[in-house]
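Work through the exercises below with the coordinates open, trying each task before reading its solution.

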Amino acid sequence: MKFDTFTSGRLFRYGLSIATILAATVILMPFSGQINSTTVALTFLLIILCFATFLGRNPALLASFIAMLCFNYFFLQPVRTWFIADPQNLVAWASFTITAIVAGEMSAYARRRAREAERLYIELQEAFEKAASAEAMRRSEKLKSSLLDAVTHDLRTPLTSIKAAVTTLLDSEGGHRTIELDSSGRTEFLEIIDEETDRLNRFIEGMVELARIEAGSADGISTVANVEVAIASAIERARSIASGHITNVLTDSELPLVRADERAVAEVIYNLYENAVKYSPVGSVITVEARREDGKVAVLVNDEGKGIPPEMRERVFEKFVRADKATSGMGLGLAIVRGIVEAHGGSVEIDGGDRGKGTKIIVKFLTA
């Protein structure tokens with residue numbers, strides 16, 4: 001079947017070349033008295049050039065031979081004959097033949113180069129796809145490794161503290177006491193268990209909150225929130241982890257309500273406040289400020305830590321990215337912040353801290 005198709009295609013090209021030259025001859029014959037032989041020759045030459053370009057060299061050679069016969073018989077001789085009486089008329093045949101050969105070879109060369117370019121493009125595309133796939137796999141493996149390290153650390157550290165505290169309490173109880181603890185000692189270990197349990201709970205809440213945001217189920221903006229109440233709630237929730245810091249809260253009087261869920265606003269402020277505590281030294285000041293700004297309510301959390309380099313200020317909003325890898329944590333806090341804020345139509349950005357020290361994170365909510 002492939003042979004039949006190929007043969008049919010060749011016969012069609014040869015037939016088309018003969019038919020076109022004959023059709024041109026029939027069209028030009030009535031005007032043979034008004035047009036000269038040069039015009040006829042150029043017409044045939046143009047047809048041969050088109051055949052050489054689109055149909056190939058061999059159909060064009062056949063067309064040049066037929067064109068030479070028609071040109072000689074109908075347009076050159078005083079008496080119609082197929083014999084070329086004037087050797088100069090061979091120039092026309094030579095022109096037709098050379099045009100067919102040269103244009104045909106150039107067309108074939110161009111088609112070969114086009115096929116080579118297409119093949120090279122396909123190979124390059126496949127190579128790029130393989131490279132992209134390999135890079136995506138490498139990044140995926142790196143992300144999995146980072147996630148595993150972070151999860152292991154954030155789970156193991158509080159569990160180790162809880163285990164140690166429980167073991168100590170058990171050793172101080174019962175008939176085989178190996179450790180003597182008074183009531184204040186037992187209270188201290190119970191407080192450790194309570195704090196580390198809260199830490200585990202915050203970790204799980206963060207993971208659940210991020211999954212909820214990514215699933216598109218963040219609370220909508222059909223409710224309104226009091227930012228001052230949300231700030232108070234967040235700071236109270238973080239009281240145990242911020243005991244070594246000084247907290248200043250500054251708010252404009254009569255702040256308008258914002259179009260957001262109050263629990264979501266409190267979650268945003270808590271994550272920003274927790275980050276400020278984590279990345280600033282003990283005894284430093286953390287400022288939480290809320291004010292009107294361009295028809296919105298802006299909440300600013302400013303710390304006195306190392307600060308975030310400008311090139312990292314956008315990346316830290318990605319999951320599992322931390323500006324300071326020496327600090328514990330999974331790098332989810334700011335990802336959660338951006339997810340909640342943008343889900344409520346707000347914005348978040350990072351700037352340098354006041355007086356050129358630390359970090360300032362600005363969150364803006366739409367007013368109700």
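**Exercise 1.** Compare the length of helix H7 (residues 262–278) with its expected span, and establish how its N-terminal end is capped.

Solution. Helices here are DSSP runs (H or I, at least four residues), numbered from the N terminus. H7 has 17 residues and reaches 24 Å from its first C-alpha to its last, close to the 24 Å expected at 1.5 Å a residue, where the expected span is 1.5 Å times one less than the number of residues. At the N-terminal end, Asp261 provides the cap, with a side-chain oxygen 3.1 Å from the backbone nitrogen of Arg263. Of the 17 residues of H7, 14 are buried (under 20% relative accessible area, with exposed meaning over 50%; 1.4 Å probe, protein chains only).

The model is predicted, so local features need pLDDT of at least 70 and side-chain atom pairs count only at pLDDT 80 or more, whereas totals for chains, interfaces and linings use all residues. Residues are numbered from 1 along each chain as its sequence is written, and side-chain values use heavy atoms, leaving out hydrogens and water.

**Exercise 2.** Determine how the buried residues of H2 are arranged around its axis.

Solution. List the buried residues of H2 to begin: Val40, Ala41, Phe44, Ile47, Ile48, Phe51 and Ala52. Seen down the axis of H2, these fall within an arc of 140° (taken from the directions from the helix axis to the C-beta atoms), so they line one face of the helix. The face of H2 turned away from that buried side carries the exposed residues Leu42, Leu46 and Phe54. Finally, inspect what follows H2: Gly56, whose phi is positive, near 110°.

How values were computed. Helices (H or I, at least four residues) and strands (E, at least two) are DSSP runs, numbered from the N terminus. A polar contact is a pair of N or O atoms within 3.5 Å; within protein, one must be able to donate a hydrogen and the other to accept it, and residues adjacent in sequence count only if both atoms are side-chain atoms.
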